Amino acid sequence: MGSPIIELDGVAKTFESRAGATEALRSVSLAVDAGEFVSVIGPSGCGKSSLLRIVGDLVEPSAGAVRVKGKSARQARLDRDYGIVFQTPVLYDWRIVLENVQLPLELAGRPRVEWQQRPRALLRLVGLDEFAGHYPWQLSGGMQQRVSIARALALNPSILLMDEPFGALDEMTRERLNQELLQVCTETAATVLFVTHSIAEAVFLSTRIIVMSPRPGAVDRVVTVDLPRPRVDETRAQPRFFELVTTVRQSLREDPGLVGGHVRPGGSGS
Amino acid sequence: MAVIWEAAKMLFALPSYQLPHLHEIALDFLREGAGGERWLWIMTQNAGYTALESLIGFTLGGVTGLVLAIGFAHSRWLERGLLPYVIASQTVPILAIAPMVVVWLGTSWFSKAVIAAYLTFFPVTVNMSQGLRAVDPDALALMRALAASSQQILFKLRFPAALPYLFTALRISATASVIGAIVGELPVGSRFGMGVVIINAAQYYNWRPANLWAAILVSAVIGILFYHAVAAVERRVVSWSRTAPAI
């Protein structure tokens, strides 16, 4: 593997408010290689969303450095290296599905002739080409989230930032979308940073799982997922899958103080 | 409505100068005026004049309101500086302002349109500046992640997201602009419009009460038509919104 595509070095975040300062992240260091699928998991309030937003230059870190493709996070954002998916689809109600997927191309000033082919291909990829002319409210929650994934891929970004994208969906839809996401990632060769609070989802999707300790968030443990690829439905039935789920679950339950909440950049746990 | 009207008249034994019969009001439209023209035609001409003033005022006020709202949403400093005056402008009775505007700008249609605009811009400014701000934080984060310029954020996110707010304001402004135009026609010197008809009818009220009632009816119809015109445009423009009015 070459040099890491995302590098965090001693990143910390403290939010100042009238009620006082809240330390969300304490000295997080980690490196993600190109083509990896890295999940960040942890209890609510462990700063995992903040971590993702710091990588995407949506939130400023209070301390530490972020390098993305050897550039600052800000430069990477301005170069449109990111595709982003939130917990809610954040589709624009006044645009039909196709126009929502076109949005990144419009913003990037791409010529109009390019606005059809790739968005339509992406909608086909997420199985929604028939719904290109629908308004977002006419679609189910799962379909809307697929549109938002297609939109994130519109500029063929090298990095996909996903902030609990399937958190609001039912279990069956979530599993189906997990499967689809892996296919999409294989076809687009994007590096993914994926925030979740579902252990099974993290194990199924990831090459590595960053387990975070709560308040202030820090990397508690890094679990390398050595399940074979491609991951299919049967993957969820493998003994190794359950072992990994157990490993992650135990890491989450353990008192970070006892385990010694150390930062192990690029390291592996199990 | 008609039944309640006539029942009230009968029940309280109201004389015609308090409440004329509906047929008296209807017949007033067929009566011939001083110039030999039927009142239906006189009313139609004056209503058309008022409607035109209202429409110009509505447009003028809508644009002013929109510009102010975009300014306010853009700069807190501008809002702090100007908002007190904007609010103060609406606490002054329009009846007191109207004669001054007519003195300043003359008795032509223009002064009436300005008074209509005076009533129109306020709801647009207030609602639209709120709408421009009430944008989903994640929708903004998405724009930021995609390195959108502030112009793109305004025109591709804030403005379309605020359209339902704008139309709510425009529906209020539509009826207010008609009131503004009529009030602008009341001061001495005006020659056309429903305001002039109302003033004249009021002078002869004891003698011919149905005439004033007919004028009020016509004025109301202008306002209602305006409201529905705006609502119709709204249904077309924000068809994607589930908050668009049913009527």
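**Figure 1. Where chain B meets chain A.** In this predicted model, the contact draws on 15 residues from chain B and 16 residues from chain A. Which elements of chain B give two or more residues to the side that touches chain A? They are helix H7 (137-145) and helix H8 (150-185) of chain B. H7(B) supplies the largest share of that side, with six residues. Sort the residues on the chain B side by character and you get nine nonpolar, two polar and four charged.

**Figure 2. Chain B, built from helices.** Count the pieces and you'll find ten helices and zero strands in chain B. Walk along the sequence and the pattern reads α-α-α-α-α-α-α-α-α-α. A box of roughly 70 × 40 × 30 Å, lined up with the principal axes, is filled by the C-alpha atoms of chain B. Chain B has 247 residues, and 38% of them are buried. Now take the contacts in chain B between residues at least 6 apart in sequence: 74% of these join residues at least 24 apart.

**Figure 3. Zooming in on B:Ala117.** This alanine sits in helix H6 of chain B, which runs over residues 109-133. Is B:Ala117 buried or exposed? B:Ala117 has 24 C-beta neighbours inside 10 Å, so it counts as buried; the cut-off for that label is 20 or more. Who does B:Ala117 touch, once we skip residues up to four places away in sequence? The partners are B:Gly57, B:Leu60, B:Gly61 and B:Thr64. Take B:Gly61 from that list: B:Gly61 and B:Ala117 are 56 residues apart along the chain, yet their C-alpha atoms are separated by 4.0 Å.

**Figure 4. Chain A, with helices and strands.** Over in chain A, the secondary structure adds up to nine helices and ten strands. Along the principal axes, the C-alpha trace of chain A spans about 55 × 45 × 40 Å. How does chain A fit the picture of a compact globule? A compact globule with 270 residues would have a radius of gyration near 18 Å, and chain A has 18 Å, so the two agree. As for burial, 47% of the 270 residues of chain A count as buried. Look at the chain A contacts with a separation of 6 or more, and 74% of them come from residues 24 or more positions apart.

Key:
Residues are numbered from 1 along each chain as its sequence is written. Chains are lettered from A and ligands numbered from 1 in the order in which they are written. This is a predicted model: local features need pLDDT of at least 70, side-chain atom pairs count only at pLDDT 80 or more; totals for chains, interfaces and linings use all residues. Helices (H or I, at least four residues) and strands (E, at least two) are DSSP runs, numbered from the N terminus. A residue is buried if 20 or more other C-beta atoms lie within 10 Å of its own, exposed if 12 or fewer, and partly exposed in between; C-beta atoms are placed from the backbone. Two residues are in contact if their C-beta atoms, placed from the backbone, lie within 7 Å. Ala, Val, Leu, Ile, Met, Phe, Trp, Tyr, Cys and Pro count as nonpolar, Asp, Glu, Lys and Arg as charged, and the others, Gly among them, as polar. The radius of gyration is taken over C-alpha atoms; the globule rule is 2.2 Å times the number of residues to the power 0.38.
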